[in-house]
Amino acid sequence: MADIRRFDHIGITVSDLHAATTFFESLGLEVEGRAIIEGDFIDTVLGMSGARSEMVMLRPPDDGTRLELSTFLRPDPLHIEPPGPVNALGLRNVAFEVHDLRAVVERLAGDGYGLVGGIGEYEGSWLMAYVLGPEGIIVSLAQPIG
């Protein structure tokens, strides 16, 4: 059985959320939701303290893989060359829904790929973790609970 259930979304950190959202809307993506995320969940997943991010989720016309655009309100975004921390501008992670997040994280750790932060639980509905993959690519893994 494969670990991955589906390709969920691509996350890109940007400095100008409005301009980036407008650009992707002009290509035909539709805003599915907007949120400001902060607190224990996001601090755990990102491996940072006091993080606050504004995000926009965009959906393609075929209802397929989403595009998540976000900007960091705290800490300030960093302008550095990849690989960088999760608040660096540019393509930051590829995300997959998995069957058993803890088993996948353990298997990847055995292959030398560690967590960026920790495994976070979001409102009793999702487990999530960032794994630092090859070439510094951040791979987001998520598992629905229940």
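These notes cover a pocket, a buried glutamate and some backbone features of the structure above.

1. Basis. The model is predicted; local features need pLDDT of at least 70, side-chain atom pairs count only at pLDDT 80 or more, and totals for chains, interfaces and linings use all residues. Residues are numbered from 1 along each chain as its sequence is written, and side-chain values use heavy atoms, with hydrogens and water left out.

2. The largest pocket. Its volume is about 660 Å³. Of the 30 residues lining this pocket, His9, Phe41, Met55, Glu68 and Met128 are the closest to its centre. A pocket here is an open set of points on a 1 Å grid over the protein atoms alone, where a 1.4 Å probe fits, with protein on both sides within 12 Å along at least five of seven lines; lining residues have an atom within 4 Å of a point. The volume is the space filled by probe spheres set on the points, which are joined across faces, edges and corners.

3. Who lines the pocket. Strand 1 (4-13) gives at least two residues; its share, six residues, is the largest. Other elements supplying at least two residues each include helix 2 (40-46), strand 3 (52-59) and strand 7 (126-132). Helices (H or I, at least four residues) and strands (E, at least two) are DSSP runs, numbered from the N terminus. By class, the lining holds 18 nonpolar, seven polar and five charged residues. Ala, Val, Leu, Ile, Met, Phe, Trp, Tyr, Cys and Pro count as nonpolar, Asp, Glu, Lys and Arg as charged, and the others, Gly among them, as polar.

4. Glu97. Is this residue of strand 5 (90-98) buried or exposed? Glu97 counts as buried because its relative accessible area is 6%, and buried means under 20%, exposed over 50%, partly exposed in between (1.4 Å probe, protein chains only). Its side chain makes a polar contact of 2.8 Å with that of Arg6. Such a contact is a pair of N or O atoms within 3.5 Å; within protein, one must be able to donate a hydrogen and the other to accept it, and residues adjacent in sequence count only if both atoms are side-chain atoms. Glu97 also touches Trp126 and Pro144, among others (heavy atoms within 4.5 Å), not counting residues up to four places away in sequence.

5. Backbone. Most residues other than glycine have a negative phi, and most peptide bonds are trans. The bond from Arg74 to Pro75 is cis, with omega near -15°. Phi is positive at Asp63, near 65°, and at Glu123, near 45°. Glu123 is exposed, at 66% relative accessibility.
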